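Welcome! Below are some short exercises, each with a worked solution, to help you find your way around a new structure. Take a look, then try each task before reading on.

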Protein chains: 2
Amino acid sequence: MPDEKSFHMSPDDFRRHGHAVVDWIADYYSRIETFPVLSRVEPGQIRASLPLQPPAKGESVETMLRDVETLILPGVTHWQSPNFYAYFPCNASGPAILGDLLSSGLGVQGMLWATSPACTELETHVLDWLVGMLALPQKFLSSSSGGGVIQDTASSASLCALLAARERATNFSSNRRGCDGKLVAYTSSQAHSSIEKAVQIAGLGGDHLRLIPVDKNFAMQPDALGRQITTDRQAGLVPCFVAATVGTTSSNAMDPVAEIGRICCEHNLWLHVDAAMSGTAALCPEFRHIHNGLELADSYCFNPHKWMFTNFDCDCFYVADRKALIQTLSVLPEYLRNKATESGAVIDYRNWQIPMGRRFRALKLWFVIRHYGVEGLQHHVREHVRLAQQFADWVRHDARFELAAPVPLNLVCFRHRGGDEANQTLMDRLNRSGDLYLTHTRLNDRLTLRLCVGQTNTAERHVEHAWKRIQEEAASLP
Amino acid sequence: MPDEKSFHMSPDDFRRHGHAVVDWIADYYSRIETFPVLSRVEPGQIRASLPLQPPAKGESVETMLRDVETLILPGVTHWQSPNFYAYFPCNASGPAILGDLLSSGLGVQGMLWATSPACTELETHVLDWLVGMLALPQKFLSSSSGGGVIQDTASSASLCALLAARERATNFSSNRRGCDGKLVAYTSSQAHSSIEKAVQIAGLGGDHLRLIPVDKNFAMQPDALGRQITTDRQAGLVPCFVAATVGTTSSNAMDPVAEIGRICCEHNLWLHVDAAMSGTAALCPEFRHIHNGLELADSYCFNPHKWMFTNFDCDCFYVADRKALIQTLSVLPEYLRNKATESGAVIDYRNWQIPMGRRFRALKLWFVIRHYGVEGLQHHVREHVRLAQQFADWVRHDARFELAAPVPLNLVCFRHRGGDEANQTLMDRLNRSGDLYLTHTRLNDRLTLRLCVGQTNTAERHVEHAWKRIQEEAASLP
């Protein structure tokens, strides 16, 4: 007698519970401004409310949703609040959530073309669309020598770029023989920490990462880069990789990609351009100057999950020479062999990334582009930049404050003239109030506040309110 | 005048469209058995149906859903079909889809405890639950010296384990000084390709990976491992890492973890145990013998996204010494400094993984455990094992076929006695028929069919039908 007992959720139950979860999310967005943006719980507080043991018997979805409301929500920092100005945004949108839901529902694993052709082909297609939408160099098109792939994060994209650079510089022998202690990588002192992490992971060693000094705008000094490369070559080392940043995390500084690119060409170094946050701005023709010189890059990435209304995780990573990337990251065991792969006519994205498995992430990106249209995306990016520039103007005209760096796009670095302690107090009070959330950096060794206008729903009234609250707290500083 | 134009989806529109997407998914599961399991499209066919240019103006969700149905679905290989027996499963379930939907809706980015305490604390809590549920060693508990973290895949988990091993073996100097060409890693000739990929990425070089021979059951030979370690030491090399597999991809072979562990202790090597597919079996006390010796491991992983009804991506990775992992993967820039981190009282999971950002993946795992209860999970795992064993019995009793390897759990490796060509024909015809999807490997240099019973909804009638279809195709072989 077959045992037909089942604990699975039936399609009808899924329909019913699914509607309830969708409703909960719709309601969440309707009331999101009522929550303190930064969670106020203490370490351990959420865990203390959870049962020590897992349930022996199944529980109802109603109970689980109630627990999300009462036990989880207090521990959530509301990244999707329009009053979120911290770090860089990790923005979401309705169409992205729905595209991601479809991806979860279909549940395909697209490691190979053959394991779900649509997963691979839609990804290639949408990444080709984005080459046009951002006016990226044609060599990043899949119809050219290159191509794009969705990575989880810019950290992983940088690591893949570095690995390909490492292999190219050693005639594809490091994969086999290991690192030889001679390879050197370069980035600016303002680059994201993930570059240092990648250099460590890839076995080059942090001592072989040169942090090139920056100019007064926190952008890499190309002359210093050129000199350092020459010095390293003369010392018998092998320079192989430069990571330039278009929009640093600290202050949104723009490295001079064209000048850096010419140096990389001259010395035959792999140039990776990390535009994780700011790349999205190139949707608008008036901001495309940020990519000047990109035609000299070997790889490039930007994150729709930061500023293009696409849920995490979604980093778009492009290479000019896909063969170098694939040769670096391919290992083909028997159990993955298949006719499509052997025909050479398809892309197997597992060879473009660190993990083997992958979900159908192109769906959410496709939904976002189609829902907004190019016009809608441009509108909201422009609006964020306009609001950040407006905020910067307010700062400029308040004698108590100063701008700490140029404001090329939508990140404003500013500080109270009262010194580090005043700024720390200001930030702590604002964040504790729950009215908004912003974070800090250090520029020229001074504590600096960062306000990034990039959350999907941030509109004029939110930025006005943020400035009003900052002024209020400044007025009550000791 | 503020520009209040908006292209965003309103909460009410999200509610309406969300219900439609949920309904589409519920309907998809109701009719999933009507689709050919393996997609029949040709390379390029999906792309050819998509517009060359992205839309300038936004489109309706109705249009997008219609395109999912007509343009995307033909290119989908149905991993969630109960007739999917290929590779290892990547299974999903209603509660997992709903938990993941909530994660998309909340849109939090949990790189730090402070950036959403509930994201970190629920993850720690659920991973501690799983230590009990699988009867894993207590040292993997967060209240001990170790702890668990959700990684995207076992590939990434293995890479993190290898990196920590590399650092420990070099007194945490490789991160700084780079690989020195002396470190050696070990795994069996049957291990997953991700181990070789990790060794390449980490800069050890594939030449420094020893593929230890296996016994007749395809399990690593510990004596050979011990001899190889001694040989390498005598040659002045530095053995640092062993990856044992509990359930190999090719044939579900079980490496003798206890014996391997004793050798690792003796030589002070990091032992990582990859139980990506089979670890889930330990939910049931009668299968926990697969983890014998795990108390000697430094790290361990298994994938709820393979066989525990939790949507991709979800790999649970445990370490016995979290300090070693954190020291290996930490880089702390100013803009991430915060009081909670500096208090030392919290976990910042960005230091437990390659990428920096992370989504709230614990929600789906929490929903799965609570919906099924331990009892429900055990039931379905037992049932899958029972069905695979039944299938193996049918093979044993059909003179045309033979088993190609032991069947410890839910993977059956078998072949037609007619040789490689007969098996290739059999597999191609079955897969082309659309009735089921299974894949192959090579064992003892002979083409071998693999049938894994692990898709969420696979029940007795599906396995019976699969065997019937295999017999039919066998009868019509030339």
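**Exercise 1.** Which strands of chain A does helix α15 of chain A lie across, and at about what angle does it run to β11(A)?

*Solution.* Keep in mind that you are looking at a predicted model. Start by finding helix α15, residues 420-433 of chain A. Follow it over the strands, and you will see that it lies across β9, β10 and β11 of chain A. Its direction makes an angle of about 35° with β11(A), the strand of residues 446-452.

**Exercise 2.** Work out the order of the strands in the open sheet of chain A, and find its edges.

*Solution.* Strands of a sheet pair through backbone hydrogen bonds, either parallel or antiparallel. Step one is to list the 4 strands in order: β8-β9-β11-β10 of chain A, with antiparallel pairing. Step two is to look for strands that pair on one side only, and these are β8 (401-403) and β10 (439-443) of chain A. Step three is the twist: on average, neighbouring strands in this sheet are turned by 40° against each other, direction ignored.

Now zoom in on one edge. Strand β8(A) is joined to β9(A), residues 411-416, by 3 bridges, and the two run antiparallel. For A:Glu402, the bridge partner in β9(A) is A:Arg415.

**Exercise 3.** Decide how helices α9 and α10 of chain A are arranged, and name the residues that meet.

*Solution.* First locate α9 (residues 222-234) and α10 (residues 257-267) of chain A, whose axes come within 9 Å and cross at roughly 15°. Angles under 35 degrees count as roughly parallel. Therefore α9(A) and α10(A) are roughly parallel to each other. The crossing of α9(A) past α10(A) is right-handed.

Next, match up the contacts. From α9(A) come A:Pro222, A:Leu225, A:Gly226 and A:Ile229, and they meet A:Glu259, A:Ile260, A:Ile263 and A:His267 of α10(A). Sorted by class, this contact has 5 nonpolar, 2 polar and 1 charged residues.

**Exercise 4.** Find the backbone features at A:Tyr87, A:Asp313 and B:Asp313.

*Solution.* A reminder helps here: most residues other than glycine have a negative phi, and most peptide bonds are trans. Begin with A:Tyr87, in the loop between α3 (61-72) and α4 (94-106) of chain A. Its phi is near 40°, a positive value in a residue other than glycine.

Then move to A:Asp313, placed in the loop between α11 (304-307) and β7 (315-319) of chain A. A cis peptide bond joins A:Phe312 to A:Asp313, with omega about 5°. In chain B, the bond from B:Phe312 to B:Asp313 is cis, with omega near 0°. B:Asp313 is found in the loop between α11 (304-307) and β7 (315-319) of chain B.

**Exercise 5.** What turn and shift lay chain B on chain A, and how many residues does each chain bring to the contact?

*Solution.* Two copies of a chain are related by a rotation about an axis and a shift along it. Here a turn of 180° and a shift of 0.0 Å along the axis lay chain B on chain A with an RMSD of 0.0 Å. That is the relation of a two-fold axis. Both copies use the same surface, as 100% of the contact residues of chain B recur in chain A.

Now count: the contact takes 132 residues from chain B and 132 residues from chain A. On the side of chain B, helix α1 (residues 11-30) gives the most, with 16 residues. The residues of that side divide into 59 nonpolar, 47 polar and 26 charged.

Key
Residues are numbered from 1 along each chain as its sequence is written. Chains are lettered from A and ligands numbered from 1 in the order in which they are written. This is a predicted model: local features need pLDDT of at least 70, side-chain atom pairs count only at pLDDT 80 or more; totals for chains, interfaces and linings use all residues. Two residues are in contact if their C-beta atoms, placed from the backbone, lie within 7 Å. Ala, Val, Leu, Ile, Met, Phe, Trp, Tyr, Cys and Pro count as nonpolar, Asp, Glu, Lys and Arg as charged, and the others, Gly among them, as polar. Two strands pair if DSSP finds at least two bridges between them. Axes are lines fitted to C-alpha atoms, for helices over the stretch in contact, and angles run from 0 to 180 degrees between N-to-C directions. Copies are superposed by least squares on the C-alpha atoms of residues with pLDDT of at least 70 in both. Angles under 35 degrees count as roughly parallel, over 145 as roughly antiparallel, 65 to 115 as roughly perpendicular and the rest as oblique. A crossing is left-handed if the near helix is turned anticlockwise from the far one by less than a right angle, and right-handed if clockwise.
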